[in-house]
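Student: I have a model open and want to go through it with you. Can we take it piece by piece?

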Amino acid sequence: MTDAAFARWRERCASQLYPVKAPSEAADPIDQPAESAADRSARIRAEQWREDLIRTSPMVRFMVKHLALVGCNPVTTREGDMQPKIHIAMCPPDIAGGFSPSAPGKPPSEAGLMVCANRMLSKTHMEDTLAHEMIHWWDHCRFNVDWSNLRHHACSEIRAASLSGDCRWSRELRRRNYGIVKQHQECTRRRAVLSVRSNPACPDEETAKRAVNEVWDACFNDTRPFDEIY
Ligand SMILES: [Zn+2]
């Protein structure tokens, strides 16, 4: 997923109430600009893909099951909780989606994720996006992740890039990365550095690379909740 916006989105969220209301799902329609016909069809298509993937994608189903096991069921909302956990939203061009952790001091079950309907290229793209963000989500619920700690963030990005479809061979071919040896590791490393670089707590590229290097061995080899990279 083009996950570079994750930290920016999180920073934006941090100054707002949790959980963030996605524009198409906000409670008060008067606050919302009228939805254009193009936005409407993108939203409906994305909502359909979301439902299909939750029902039929082995990857998404696996992550839904494992999120529920760590107390963060992404599909059944709690009683009285009106916020869907997987928001569909329309976003500016630099955002494709992101994971929104629960606010400090709040239970991890308040976390959620956002998928940008107007940035999804295909159902497969959404599947990869959901998989990537759900790995962050699982880390958030399973471990005491401090997202402003670059080593924590790097660890989750390494795992999300490696275990989701982000670095699948076909996708790398399209990106014209033809190297075969260690191709998967290089892709994972490159994408993790990019994402950590976008963390507001990260001052520069060198710091991002250092954070990824420091946790690489432990986090690349930590494939939970998968038995191995599929
Ligand atoms: Zn990420």
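Tutor: What follows covers the sheet, the helices on it, a cysteine and a peptide bond, all in a predicted model.

Student: Sheet first. How many strands, and in what order?

Tutor: There are 3 strands in an open sheet, ordered 1-3-2, and the pairing is mixed. Strand 1 (86-89) and strand 2 (97-100) are the edge strands, each pairing on one side only. From one strand to the next the twist averages 20°.

Student: How do strand 2 and strand 3 run, parallel or antiparallel?

Tutor: Antiparallel, with 4 bridges joining strand 2 to strand 3, residues 112-116. As an example, G97 has V115 in strand 3 as its bridge partner.

Student: Which strands does helix 4 touch?

Tutor: Helix 4, residues 123-142, packs on the sheet and touches strand 2 and strand 3. The direction of helix 4 makes about 20° with that of strand 2.

Student: And where does helix 2 lie?

Tutor: Helix 2, residues 37-56, lies across strand 1 and strand 3. It runs at about 160° to strand 1.

Student: At what angle do helix 2 and helix 4 pack?

Tutor: At about 65°, and their axes are 10 Å apart. The crossing is right-handed.

Student: Which residues make that contact?

Tutor: Helix 2 contributes A46, W49, D52 and L53, while helix 4 contributes K123, M126, E127 and L130.

Student: What about the breakdown by class?

Tutor: The contact of helix 2 with helix 4 has 5 nonpolar residues, 3 charged ones and no polar ones.

Student: Changing topic. Where is C155, and is it buried or exposed?

Tutor: C155 is in helix 5, which spans residues 150-163. C155 counts as buried because 25 other C-beta atoms lie within 10 Å, and the cut-off for buried is 20 or more.

Student: What does C155 touch, leaving out residues up to four places away in sequence?

Tutor: On that basis, C155 touches V215 and C219. There is also D222, 67 residues from C155 along the chain, and the C-alpha atoms of these two are separated by 9.3 Å.

Student: Last one, the backbone. Which peptide bond is cis?

Tutor: The bond from R224 to P225 is cis, with omega near 0°. For context, most peptide bonds are trans.

Student: Where does P225 sit relative to helix 8?

Tutor: P225 lies in the segment after helix 8, and that helix covers 205-220.

Methods:
Residues numbered from 1 in each chain as written. Predicted model: local features only at pLDDT ≥ 70, side-chain atom pairs only at ≥ 80, totals over all residues. Helix = DSSP H or I, 4+ residues; strand = E, 2+ residues; numbered from the N terminus. Pairing = 2+ DSSP bridges. Axes fitted to C-alpha atoms, helices over the stretch in contact; angles between N-to-C directions. Contact = placed C-beta atoms within 7 Å. Left-handed = near helix turned anticlockwise from the far one by under 90°. Nonpolar A, V, L, I, M, F, W, Y, C, P; charged D, E, K, R; others polar. Buried ≥ 20, exposed ≤ 12 C-beta atoms within 10 Å, placed from the backbone.
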